[in-house]
Amino acid sequence: MAAVSRLHGWRYLGERPAGAGKPRILMFEVMPGLTVWYFENPDADVCGAAVNSTRCAAETSTPARLVQGLLVPWTLPELLTEIERAADTPSRCQALRRAGMGAPRPVDETFRTALTNAAADPDPEVRTAAILAMTYTEWPPFAPFLRSLADDDPKRQVRRFAKRAAELLEQIDPSVRPQPAPSDDILPADSAPELYKVAEHELDKVIAQYTGAR
């Protein structure tokens, strides 16, 4: 991500380290009001990128295409297919967590069906992963379904987790767009110089891969 930002001249704003249930976030400014976030969630073993605009959603399309072209993230159909193809519990749980993080911002019925179906899996670990994936989507319409799980699931631990997830989603205002993390929670750019040491090393490889150079 650092290499992509250097390639396109995006300004590095800083980093929020992981901790206390928060993912690690690196922020890059494409232009004032338009940012690209790279995040790592060590608990879920998932990383990703998000493009945010405080002005116009349409302007996110260009940096999103640049990130997609160079980093080749999972597509939405691939995220759903991986849930179906997972051959064991760890793989299925990972696929669910990944799908939750990669779900589109508007509620998508295909994703909603996949996650609710997984929440009925005989394996309580899979049901728990499905609940976690629902919280990652930040879709408040999942809350009533989670409330029903909190009442009916046969496992007490799953019921408690579903209740907490419902409470979290009920606090989300769907009309509010994501905002950058508070400035006092982000380390300044010069406090994470290792980022650009990595970027300097990786940039030539990125350019070579996409220009045909060897």
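This passage describes helix 4, two residues whose contacts reach it or its surroundings, and the packing of helix 3 on helix 5 in a predicted model.

Helix 4 covers residues 89–102. With 14 residues and 1.5 Å a residue, this helix should span 20 Å. The C-alpha atoms at its ends are 20 Å apart, so the expected and computed values agree. The buried residues of helix 4 are Cys93, Gln94, Ala95, Leu96, Arg97, Arg98, Ala99 and Gly100. Several elements take part in covering these buried residues, including strand 4 (46–53) and helix 3 (76–85). Helix 5 (109–118) and helix 6 (124–137) are also among the covering elements.

Two of the covering elements, helix 3 and helix 5, also pack on each other. Their axes are 11 Å apart and meet at an angle of about 15 degrees. Because angles under 35 degrees count as roughly parallel, helix 3 is roughly parallel to helix 5. On the side of helix 3, the contact is made by Leu76, Leu79, Leu80 and Ile83. Helix 5 contributes Thr110, Phe111 and Ala114 to this contact. The crossing in which helix 3 passes helix 5 is left-handed.

Glu82 is another residue of helix 3. Its relative accessible area is 27%, and Glu82 is therefore partly exposed, a class that lies between 20% and 50%. When residues up to four places away in sequence are not counted, Glu82 touches Trp74, Ala95 and Arg98. Of these, Ala95 and Arg98 belong to the buried residues of helix 4. The C-alpha atom of Glu82 is separated by 7.9 Å from that of Arg92, a residue 10 residues apart from Glu82 along the chain.

Arg92 also takes part in the surroundings of Asp121, which is found in the loop between helix 5 and helix 6. Asp121 has a relative accessible area of 16%. Since buried means under 20%, Asp121 is classed as buried. Its side chain makes a polar contact with the side chain of Arg92, at 3.4 Å. A polar atom of the Asp121 side chain also lies 2.8 Å from the backbone nitrogen of Asp123. With neighbours within four places in sequence left aside, Asp121 is in contact with Arg92, Val126 and Arg127.

Methods: Residues numbered from 1 in each chain as written. Predicted model: local features only at pLDDT ≥ 70, side-chain atom pairs only at ≥ 80, totals over all residues. Heavy atoms only, no water. Helix = DSSP H or I, 4+ residues; strand = E, 2+ residues; numbered from the N terminus. Expected span 1.5 Å × (residues − 1). Buried < 20%, exposed > 50% of the residue type's maximum accessible area, 1.4 Å probe, protein only. Contact = heavy atoms within 4.5 Å. Polar contact = N/O pair within 3.5 Å; in protein donor to acceptor, adjacent residues only side chain to side chain. Axes fitted to C-alpha atoms, helices over the stretch in contact; angles between N-to-C directions. Parallel < 35°, antiparallel > 145°, perpendicular 65-115°, else oblique. Left-handed = near helix turned anticlockwise from the far one by under 90°.
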